[in-house]
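Me: Hi! I'd like to go through this protein with you in small steps. Could you help me read it?

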Amino acid sequence: MKTQDRMYFDSFREVVKAVNSTLDRQEVLDLLVSNVAQVMGLKACAIRMLHGKKRTLELLASHGLSERYINKGSLEADKSIADAMEGETVSVYNATEDPRIQYPKEAKEEGISSMISVPLSCKGEVIGVLRLYTAEPREFSETELDFAEALSEVGALAIENARMQEAVKEDNEAIMSEMYDFVSYRRRT
């Protein structure tokens with residue numbers, strides 16, 4: 001195996017192990033963004049989840065981005081590399097001049113040159129994006145895009161696992177509350 005291929009494999013394996021060993025969504029997503037940035041030699045990486053009602057992309061995890069850039073304003077799903085929300089991986093060679101970028105001035109100030117937006121899909125529905133940022137203009141190879149897409153699938157799985165865990169927790173709490181109410185009622189009668 002080539003050195004770069006081995007690094008991709010090891011990184012992917014580490015993220016998958018985290019998904020399988022913890023239900024802490026944040027731990028998995030933080031590991032994912034830092035691994036992707038490191039292994040792919042990126043300036044930064046972020047995961048944003050779609051807020052359905054507002055149609056905005058809410059930050060879940062990031063690595064390498066300044067607070068100023070993170071807090072630049074809300075990212076509208078229909079204005080910020082919108083094709084990714086349709087399930088398409090989108091490469092932007094020049095983030096400061098591409099009309100698909102919602103905040104080109106802020107990207108320039110942050111030192112972002114190229115950007116990739118990879119959809120996070122779960123059960124056929126796009127639930128967010130994995131964003132890759134470079135400091136220098138860069139064309140990504142097919143292998144790099146495949147790696148990013150594979151990790152976006154793992155990220156979507158971690159998000160879905162967390163959703164399911166929360167739903168089970170809420171169901172258990174509701175059942176326990178009903179049981180408590182029933183037992184209290186039985187004791188009174």
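Reply: Happy to! One term to start with: a residue is called buried when its relative accessible area is under 20%, exposed when that is over 50%, and partly exposed in between. Also keep in mind that this is a predicted model.

Me: OK, let's try that out. Is Ala 158 buried or exposed?

Reply: Ala 158 has a relative accessible area of 6%, so it counts as buried.

Me: And where is Ala 158 placed?

Reply: Ala 158 belongs to helix H5, which covers residues 142–188. There is a nice long-range pair here too: Ala 158 and Arg 25 are 133 residues apart in sequence, yet their C-alpha atoms are 5.8 Å apart in space.

Me: Cool. What about Gly 155, buried or exposed?

Reply: Gly 155 is buried, because its relative accessible area is 0%. This glycine also lies in helix H5.

Me: Which residues does Gly 155 touch?

Reply: Leaving out residues up to four places away in sequence, Gly 155 touches Leu 29, Leu 32 and Leu 120. If you want a distance to check on screen, the C-alpha atoms of Gly 155 and Cys 122 are separated by 9.6 Å, and the two residues are 33 apart along the chain.

Me: Let's switch to the strands. In what order do they sit in the sheet?

Reply: The order is S3-S2-S1-S6-S5-S4. These six strands make an open sheet with antiparallel pairing. At the edges are strand S3 (75–76) and strand S4 (90–92), each of which pairs on one side only.

Me: Does a helix come into this? I mean, which one packs on the sheet?

Reply: Helix H2, residues 25–40, packs on the sheet and touches S1, S2 and S6. The direction of H2 makes about 70 degrees with that of S2.

Me: How many residues of S1 are buried?

Reply: Seven of the eight residues in S1 are buried, so this strand is mostly covered.

Me: And how many bridges join S1 to S2?

Reply: Seven bridges join S1 to S2, and the two run antiparallel. You can follow the pairing residue by residue: Cys 45 stands opposite His 63 in S2, and Leu 50 stands opposite Leu 57 in S2.

Me: What does S1 do with S6?

Reply: S1 and S6 are also antiparallel, with six bridges between them. One to look for is Arg 48, whose bridge partner in S6 is Val 129.

Me: Then how many bridges are there from S2 to S3?

Reply: Two bridges join S2 to S3, again antiparallel. Thr 56 stands opposite Glu 76 in S3.

Me: Back to S6 for a second. How accessible is Thr 134?

Reply: Thr 134 is found in strand S6. Its relative accessibility is 3%, which means that Thr 134 counts as buried. Not counting residues up to four places away in sequence, Thr 134 touches Leu 42, Lys 43, Gly 111, Ile 112, Ser 113, Ser 114 and Phe 140.

Me: New topic: backbone angles. Which residue in the hairpin of S1 and S2 takes a positive phi?

Reply: That is Arg 55, with a phi near 55 degrees, in a hairpin that has four residues between the strands. Arg 55 is not a glycine. Its loop runs between strand S1 (44–51) and strand S2 (56–63). Arg 55 counts as partly exposed because its relative accessibility is 30%.

Me: And what about the phi of Lys 123?

Reply: Lys 123 has a positive phi of about 55 degrees, although this residue is not a glycine. The loop with Lys 123 is between strand S5 (114–122) and strand S6 (125–134). With 71% relative accessibility, Lys 123 counts as exposed, because the cut-off is over 50%.

Me: Last thing, holes! How many cavities of 30 Å³ or more does the structure hold?

Reply: The structure holds two cavities of 30 Å³ or more. The largest cavity has a volume of about 70 Å³.

Me: Which residues line the largest cavity?

Reply: The lining includes Tyr 69, Leu 75, Ile 101, Tyr 103, Met 115 and Tyr 133. Among the others are Lys 72, Ser 80, Gln 102 and Arg 131. By class, this lining has six nonpolar, two polar and two charged residues.

Conventions:
Residues are numbered from 1 along each chain as its sequence is written. This is a predicted model: local features need pLDDT of at least 70, side-chain atom pairs count only at pLDDT 80 or more; totals for chains, interfaces and linings use all residues. Side-chain values use heavy atoms; hydrogens and water are left out. On a 1 Å grid over the protein atoms alone, a cavity is a set of points where a 1.4 Å probe fits but cannot get out, and a pocket is an open set with protein on both sides within 12 Å along at least five of seven lines; lining residues have an atom within 4 Å of a point. Grid points are joined across faces, edges and corners, and a volume is the space filled by probe spheres set on the points. Ala, Val, Leu, Ile, Met, Phe, Trp, Tyr, Cys and Pro count as nonpolar, Asp, Glu, Lys and Arg as charged, and the others, Gly among them, as polar. Buried means under 20% relative accessible area, exposed over 50%, partly exposed in between (1.4 Å probe, protein chains only). Two strands pair if DSSP finds at least two bridges between them. Contact means heavy atoms within 4.5 Å. Axes are lines fitted to C-alpha atoms, for helices over the stretch in contact, and angles run from 0 to 180 degrees between N-to-C directions.
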